[in-house]
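Trainee: I would like a close look at a single part of this model, the surroundings of the ligand. Please describe that site in detail, and then place a few individual residues elsewhere in the chain beside it.

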Amino acid sequence: MVITVLELLILSALVAAPAWFLGGGLWAAFAAWLAVGLYAVVLAWKIDRFDRWLSAPNLRLDPPWRGVWREMALRIQRMLRQQEKLVAVHEKRLQDFLLAIQASPNGVILLDEEGRIEWCNVTAAGHLGLDALKDRMQHIVHLVRDPVFARYFSQADHASEAVIEGRSSSVVNKQKLSVQLHAYGEGRSLLLTRDITAVAQAEAMRRDFVANVSHEIRTPLTVLSGFVETLQSLPLDAHERGRYLDLMAVQSQRMQDLVADLLTLSQLEGSSPPGTHQQVPLPELMWKVESEARALSSFMGGLEVTPSQDLVFDPTPDWTLLGSENELQSAVSNLVSNAIRYTPSGGKIHVRWYAQADHCIFAVSDTGPGIAPEHLPRLSERFYRVDRSRSRETGGTGLGLAITKHVAQRHGGELRIESQVGHGSTFMLVLPSSRCVSAAPVQASSAATELQA
Ligand code: ADP
C-alpha cells in the first residue's frame, strides 16, 4: 500500500514538474491529475489480472509478475499450501476415525437434530437393513419400522436400551438387537445397535435348563414326600413298609442318576479336552460294557435270567483308544443301554467297532421303534426325549445322548444317528483314527458295510 502511494506521488511529481515549468501551476495540476488517472487505470488492470490469476487453476504455478505483486502472489501460495496440508491432516484423521467406527462390531448411526441419518457404519446398516449411502438424510423412524423402536425413539428418556428384532431375522432364527440413543452436540444423537442374539439365546437356554432340572427333580421329590407322609401317618405292617421303602429307593436313585449326569455334563463342559497320553485297552472296556448290557437286558426282561433282547457283540478289535477312559466308557455304555431300554423284548441289538476311512466307529444298531426324522437333530439336546414315558419308566435322565455327543466332540469325533420309524436305529460314536491304535495299523474294514447292513 505504502509502495503504491509512493509510486503515485513520484509519478505525479515527475509529470507535474515539467508542466509547471512549461505552463505554470494550472498545467502542473492538470498533468498530475492525468498521471493519477492513468495510474488508476493501470492499477485496475493489474488488479483484474491478479484477480483472474487467483481464481484460475494456475494459482499453483510460478506467478508471472515481479515486485510487490509477485510478493503478494507468493505469500498467497504459501498460505494456500499450509491450509491444504492442514485440511489433508484433518481429512486423514477423519478417515481413520470413520474406519475405526466401521470396524466396530457394534452399529453406529449419527442422527441430526431431526432424527435424520447423517452417517452410519456397515454394521448398523446390516442390523437395521439400511443403505449407508441412499438412506442418508432419511428419517430413522421412517426406515426402522418397528413399533418398539418408534416408541423408544419418541420417549424423552433414553437412559436404558430397547430390544428390537433385527433385519436378518427369519422365522426360525430371530435376531435380537439392543438399540440405545445417546445425545451429543447440539440436539444431535448417536444411535448404537448391538447384536444380542447369542446372549438372548444363552439366557433362554439357561432358563430352560433351570426349568427342566427343576421339573425332573420335582416329580421324584413329590413322590418321595408322599411316601414319607404315608409312612409317618399310617400304621403299616412290615411288608407294606418294605414295599414303600423300595419305591422310595427307586425315586431317590432317579434323583441320584440325574445329579450324576448333571455333574458329568458340567465336568465335560468345564474341563479341557482329553489328550492322547491316556491309553484305554478296548477289549477290557468292551468286556465291562457287555457285562453291564447283558445284566441290564435281563433286568429289563422282568428280572429273568436270560436277556430280553438278542444281544450280538462282534469280536472287539485289539485296539487301544487314546483319550479319557471314563468318558469313553460312559459314551459307549449310554448308546448300548439306550438300545436295550428302547428296544422291545424279543428285538435284536448289534454292537460293533470297525474302521472306516480316517475313522474308527463304534456302532449300536437295534430293531427298536426307530425315530422320526424331525426328532433326529434335537435328540442330543439336554432333556429332549421322543418317548417320554419309556424314558422315565426305564430310569432315563434325558441327558445320555447330550453326554455322548460331548464326549465324541471332546475326542475330535461326532455322534451320528441313522433311524427309520418302524425299522430301528443305529447310533454311532465316530472317532478320528488317530484316537485308535492297534498292533497292526487300524484299517478300514470291508466288513464295515456288511455289518451296517
Ligand atoms: P434318556 O435318558 O431319556 O434315554 P437320552 O439322551 O439317552 O435320554 O436319549 C434321548 C431320547 O432319544 C430318548 O428319550 C429316546 O426318546 C430317544 N432314543 C435314544 N436312543 C434310542 C433308541 N435306541 N431307540 C429309540 N429312541 C431312542
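Mentor: The shell around the ligand in this predicted model is made up of 9 nonpolar, 7 polar and 4 charged residues. Of the 20 residues around the ligand, the ones that come nearest are Asn338, Tyr342, Ser391, Gly398 and Leu401.

Two of these nearest residues can be followed down to individual atoms. Serine 391 places a polar side-chain atom 2.5 Å from an oxygen atom of the ligand. Glycine 398 approaches through its backbone, with an N or O atom 2.8 Å from a ligand oxygen atom. Glycine 400 likewise uses a backbone N or O atom, which lies 3.3 Å from an oxygen atom of the ligand. As for the ligand's surface, the ligand taken alone exposes 520 Å², and the protein buries 97% of that.

The ligand sits in the largest pocket. The elements that contribute two or more residues to the shell are α10 (325–342), α12 (400–410) and β12 (424–432). Among them, α10 supplies the largest share, 4 residues.

Away from the ligand, several single residues deserve attention, beginning with two backbone angles. Most residues other than glycine have a negative phi. Against that background, phenylalanine 383 has a positive phi of about 65° although it is not a glycine. Phenylalanine 383 belongs to the loop between β10 (359–366) and α11 (388–393). With a relative accessible area of 5%, phenylalanine 383 is classed as buried because that value is under 20%.

Methionine 137 also has a positive phi, near 70°, and is likewise a residue other than glycine. Its place is in the loop between α4 (122–128) and α5. The relative accessible area of methionine 137 is 41%, so this residue counts as partly exposed, between the limits of 20% and 50%.

The loop that follows α5 holds arginine 145: this residue lies between α5 (140–143) and α6 (147–154). Arginine 145 is exposed because its relative accessible area, 67%, is over 50%. Its side chain reaches the backbone oxygen of histidine 142 at 3.3 Å. A distant reference point is phenylalanine 299, which is 154 residues from arginine 145 in sequence and 62 Å from it in space, C-alpha to C-alpha.

Glutamine 77 offers another contact between a side chain and a backbone oxygen. This residue lies in helix α3, which spans residues 67–102. A polar atom of the glutamine 77 side chain is 2.6 Å from the backbone oxygen of leucine 61. Glutamine 77 has a relative accessible area of 6%, which is under 20%, so it is buried.

The loop between α2 (25–55) and α3 contains tryptophan 65. Tryptophan 65 is buried, with a relative accessible area of 11%. From the C-alpha atom of tryptophan 65 to that of phenylalanine 50, 15 residues away along the chain, the separation is 9.4 Å.

To return to the site itself, the picture is of a ligand in the largest pocket, with 97% of its surface buried by the protein. Its oxygen atoms lie within reach of a polar side-chain atom of serine 391, at 2.5 Å, and of backbone atoms of glycine 398, at 2.8 Å, and glycine 400, at 3.3 Å.

Technical notes
Residues are numbered from 1 along each chain as its sequence is written. This is a predicted model: local features need pLDDT of at least 70, side-chain atom pairs count only at pLDDT 80 or more; totals for chains, interfaces and linings use all residues. Side-chain values use heavy atoms; hydrogens and water are left out. Buried means under 20% relative accessible area, exposed over 50%, partly exposed in between (1.4 Å probe, protein chains only). A polar contact is a pair of N or O atoms within 3.5 Å; within protein, one must be able to donate a hydrogen and the other to accept it, and residues adjacent in sequence count only if both atoms are side-chain atoms. A residue is near a molecule or strand if one of its heavy atoms lies within 4 Å of it. Accessible areas come from the Shrake-Rupley method with a 1.4 Å probe; for residues, only the protein chains shown count as cover. On a 1 Å grid over the protein atoms alone, a cavity is a set of points where a 1.4 Å probe fits but cannot get out, and a pocket is an open set with protein on both sides within 12 Å along at least five of seven lines; lining residues have an atom within 4 Å of a point. A molecule sits in a cavity or pocket if more than half of its atoms lie within 2 Å of its grid points. Ala, Val, Leu, Ile, Met, Phe, Trp, Tyr, Cys and Pro count as nonpolar, Asp, Glu, Lys and Arg as charged, and the others, Gly among them, as polar.
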